[in-house]
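Got the model open in your viewer? Set it to show side chains as sticks, and let's walk through it one selection at a time.

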Amino acid sequence: MESFGDVWTNALAIIKENVSSTSYDSWISLLRPIKFEDDKAFLYAQTNFQKQLIINKLKSQKSCELL
């Protein structure tokens, strides 16, 4: 069974393939995994601006709860 860290690393690789390198480097790579619960990944965003930008840009993808 993979750890949440392993799953997050795999998720980052998939996300990186589907967003621009600028978006990935500026916003996605700054997210930090908090926990995985009830089939949801809870991620920490450093600022509310980062959180809202990611939610708005990726809302068509499977959602994650950003803290």
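Start by selecting Gln50, then add Trp27, Leu30, Leu31 and Ala45: Gln50 touches these four once you set aside residues up to four places away in sequence. Contact here means heavy atoms within 4.5 Å. Before you go on, two notes on what you're looking at. It's a predicted model, where local features need pLDDT of at least 70 and side-chain atom pairs count only at pLDDT 80 or more, while totals for chains, interfaces and linings use all residues. Residues are numbered from 1 along each chain as its sequence is written, and side-chain values use heavy atoms, with hydrogens and water left out.

Now colour helix H3, residues 48-58, and you'll find Gln50 in it. Helices (H or I, at least four residues) and strands (E, at least two) are DSSP runs, numbered from the N terminus. Is Gln50 buried or exposed? Gln50 counts as buried because its relative accessible area is 2%, where buried means under 20%, exposed over 50% and partly exposed in between (1.4 Å probe, protein chains only).

Next, zoom in on the side chain of Gln50 and show the backbone of Gln46. A polar atom of that side chain lies 2.6 Å from the backbone nitrogen of Gln46.

From there, hop to Leu30, in the loop between helix H2 (21-26) and strand E1 (32-37). Leu30 is partly exposed, at 28% relative accessibility. What does Leu30 contact, leaving aside its neighbours within four places in sequence? Select Tyr44, Gln46 and Gln50 to see them. If you draw a distance between the C-alpha atoms of Leu30 and Gln46, expect 7.4 Å, although the two are 16 residues apart along the chain.

Now go to Lys35 and Glu37, whose side chains meet in a salt bridge at 3.6 Å, N to O. The term covers a side-chain nitrogen of Lys or Arg within 4 Å of a carboxyl oxygen of Asp or Glu. Don't hunt for another: a search of the whole structure finds one. Lys35 is partly exposed, with a relative accessible area of 35%, and Glu37 is partly exposed too, at 36%.

Finally, zoom out and colour by secondary structure. You should see three helices and three strands, following the pattern α-α-β-β-α-β along the sequence. Colour by burial instead, and buried residues come to 18% of the 67 in the chain.

Definitions and conventions
Polar contact = N/O pair within 3.5 Å; in protein donor to acceptor, adjacent residues only side chain to side chain.
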